[in-house]
Amino acid sequence: MSKMDEYRSKCNCPPCPTYLECAKEKDELAFCMSKRSSCIKEMKVCFCPGCPVHKDLDLQFMYYCIRGNESEQEHKRPR
Ligand code: SF4
Ligand code: SF4
C-alpha cells in the first residue's frame, strides 16, 4: 500500500459533519496531504485533530478540505 493509500484509509473526514456527499462521490480524502476539496466550502467542525494521520505526521493545522494542505497552510502562517 502506498503512503497516500494508507492516509486515505485512515482519514477521519468521512464521519465529519463538514464532509459532504459530493466529496465522497469524487473520492476526495486526506486533504492534509493532497489538494483542497472541489466542493466543500462551509466549515462546521473538523475531525482532523482526532485522526491517526494527524497524530502520526504531527500535523499542525485543520480544515484542510477548505484551507489547503499542511504545507500550503504552513506557508500562509504569519511569521
Ligand atoms: S488529518 Fe484530516 S484530512 Fe488528513 S487524513 Fe486525517 S482527517 Fe483526513
Ligand atoms: S479536513 Fe477537517 S473539516 Fe474537512 S472534512 Fe476533513 S475532518 Fe472535516
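Q: What makes the residues of the shell around ligand 1 12 nonpolar, two polar and no charged?
A: The residue type decides. Ala, Val, Leu, Ile, Met, Phe, Trp, Tyr, Cys and Pro count as nonpolar, Asp, Glu, Lys and Arg as charged, and the others, Gly among them, as polar. Sorted that way, the shell of ligand 1 holds 12 nonpolar residues, two polar ones and no charged one.

This is a predicted model: local features need pLDDT of at least 70, side-chain atom pairs count only at pLDDT 80 or more, and totals for chains, interfaces and linings use all residues. Residues are numbered from 1 along each chain as its sequence is written, while chains are lettered from A and ligands numbered from 1 in the order in which they are written.

Q: Which of the residues around ligand 1 come nearest, and how many are there?
A: There are 14 residues around ligand 1. Each counts because its C-beta atom, placed from the backbone, lies within 6 Å of the ligand. Cys11, Asn12, Cys32, Cys48 and Cys51 come nearest.

Q: What surrounds ligand 2?
A: 13 residues do, and Cys13, Cys16, Thr18, Cys46 and Cys65 are the closest. By type, this shell divides into 11 nonpolar, two polar and no charged residues.

Q: How do you know which elements the protein has?
A: They are DSSP runs, numbered from the N terminus: helices are H or I over at least four residues, strands E over at least two. The protein has five helices and zero strands. The order from the N terminus is α-α-α-α-α.

Q: Why is the protein as compact as a globular protein of that length?
A: Its radius of gyration is 12 Å, and the globule rule gives 12 Å for 79 residues, so the protein is as compact as a globular protein of that length. The radius is taken over C-alpha atoms, and the rule is 2.2 Å times the number of residues to the power 0.38. The C-alpha trace spans about 35 × 30 × 20 Å along its principal axes.

Q: What makes aspartate 27 exposed?
A: A residue is exposed if 12 or fewer other C-beta atoms lie within 10 Å of its own, buried if 20 or more do, and partly exposed in between; C-beta atoms are placed from the backbone. Aspartate 27 has 7, so it is exposed. Its place is the loop between α2 (21-25) and α3 (52-56). Its phi is positive, about 60°, although it is not a glycine.

Q: Why is tyrosine 63 called partly exposed?
A: It has 19 other C-beta atoms within 10 Å, so it is partly exposed. Tyrosine 63 lies in the loop between α3 and α4 (64-67). It also has a positive phi, about 50°, without being a glycine. Most residues other than glycine have a negative phi.

Q: Why is proline 49 exposed?
A: Its count is 12, so proline 49 is exposed. It is in the loop between α2 and α3. Beyond four places in sequence, it is in contact (C-beta atoms, placed from the backbone, within 7 Å) with His54 and Met62.

Q: What makes a set of residues a nonpolar core?
A: The members are buried Ala, Val, Leu, Ile, Met, Phe, Trp, Tyr and Cys residues joined through C-beta atoms within 7 Å. The largest such core has 18 residues. Cys11, Cys13, Ala30, Phe31, Cys32, Val53 and Tyr64 touch the most other members. Beyond four places in sequence, cysteine 13 touches Tyr19, Leu29, Phe31, Phe47 and Cys65.

Key
Two residues are in contact if their C-beta atoms, placed from the backbone, lie within 7 Å.
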